[in-house]
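Here is a short set of exercises to work through with the structure open beside you. Try each task before you read its solution.

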Amino acid sequence: MKISPVNLQAIIAIGFFIAAIGVSRAVVNIYSDKWKSTGVMTVYLRALLGFLLAGAIVLGYYSFAGIDVISGRW
């Protein structure tokens, strides 16, 4: 079974979004003192959250436009 690159890109965008939801739940649990963590770990998780959301938005936008950015062929 062969998946088109644009559909694969959309699946990866969905995966990035689900991962971003998981990271955001971790950040909320750290800020509400349910989990103990250092300030460095919180900064790392917030940076990771930003990159995951940016990746999900960019890949989702280009997959709706029908442009394959993963393989580099425009």
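**Exercise 1. Find where tyrosine 62 sits, then describe its aromatic partner and the surroundings of the two rings.**

Solution. Step one is location: tyrosine 62 belongs to helix α2. Keep in mind that you are looking at a predicted model.

Step two is the ring search, which turns up 1 aromatic pair in the whole structure. Its members are tyrosine 61 and tyrosine 62, with ring centres 5.6 Å apart and planes at 70 degrees. Pairing needs centres within 6.5 Å, and planes over 60 degrees apart count as edge-to-face, so this pair is edge-to-face.

Step three is accessibility. Tyrosine 61 has 57% relative accessibility and therefore counts as exposed, since the cut-off is over 50%. Tyrosine 62, at 24%, is partly exposed.

Step four is a distance to try with your ruler tool: from tyrosine 62 to glycine 22, C-alpha to C-alpha, is 23 Å, with 40 residues of sequence separation.

**Exercise 2. Work out how α1 and α2 are arranged relative to each other.**

Solution. Two numbers are wanted here, because a pair of packed helices is described by the angle between the axes and the distance between them. Helix α1 covers residues 5-31, and its axis comes within 8 Å of that of α2, crossing at roughly 155 degrees. An angle over 145 degrees counts as roughly antiparallel, so α1 is roughly antiparallel to α2. The handedness of this crossing is left-handed.

Now sort the contact residues by type: 21 are nonpolar, 6 polar and 1 charged.

For one residue of α1, take alanine 20. Its relative accessibility is 3%; buried means under 20%, so alanine 20 is buried. Between the C-alpha atoms of alanine 20 and serine 63 there are 19 Å, and the two residues are 43 apart along the chain.

**Exercise 3. Which residue in the loop between α1 and α2 is exposed, aspartate 33 or serine 32?**

Solution. Begin by placing both: aspartate 33 is in the loop between α1 and α2, and serine 32 is found there too. Then compare each value with the cut-offs. Aspartate 33 has a relative accessible area of 55%, so it is exposed. Serine 32 has 41%, which means partly exposed.

Next, check the backbone. Most residues other than glycine have a negative phi. Aspartate 33 has a positive one, near 65 degrees.

Finish with a distance: the C-alpha atoms of serine 32 and glycine 50 are 20 Å apart, for a separation of 18 residues along the chain.

**Exercise 4. Is aspartate 68 buried or exposed, and what does its side chain contact?**

Solution. Look in the segment after α2 (39-65), where aspartate 68 lies. Its relative accessible area is 10%, which is under 20%, so aspartate 68 is buried.

Now follow the side chain. A polar atom there lies 3.3 Å from the backbone nitrogen of isoleucine 70. The aspartate 68 side chain also makes a polar contact with the side chain of serine 71, at 2.4 Å.

Note on methods
Residues are numbered from 1 along each chain as its sequence is written. This is a predicted model: local features need pLDDT of at least 70, side-chain atom pairs count only at pLDDT 80 or more; totals for chains, interfaces and linings use all residues. Side-chain values use heavy atoms; hydrogens and water are left out. Rings of Phe, Tyr and Trp (its six-membered ring) pair if their centres lie within 6.5 Å; planes under 30 degrees apart count as stacked, over 60 as edge-to-face and the rest as tilted. Buried means under 20% relative accessible area, exposed over 50%, partly exposed in between (1.4 Å probe, protein chains only). Helices (H or I, at least four residues) and strands (E, at least two) are DSSP runs, numbered from the N terminus. A polar contact is a pair of N or O atoms within 3.5 Å; within protein, one must be able to donate a hydrogen and the other to accept it, and residues adjacent in sequence count only if both atoms are side-chain atoms. Axes are lines fitted to C-alpha atoms, for helices over the stretch in contact, and angles run from 0 to 180 degrees between N-to-C directions. Angles under 35 degrees count as roughly parallel, over 145 as roughly antiparallel, 65 to 115 as roughly perpendicular and the rest as oblique. A crossing is left-handed if the near helix is turned anticlockwise from the far one by less than a right angle, and right-handed if clockwise. Ala, Val, Leu, Ile, Met, Phe, Trp, Tyr, Cys and Pro count as nonpolar, Asp, Glu, Lys and Arg as charged, and the others, Gly among them, as polar.
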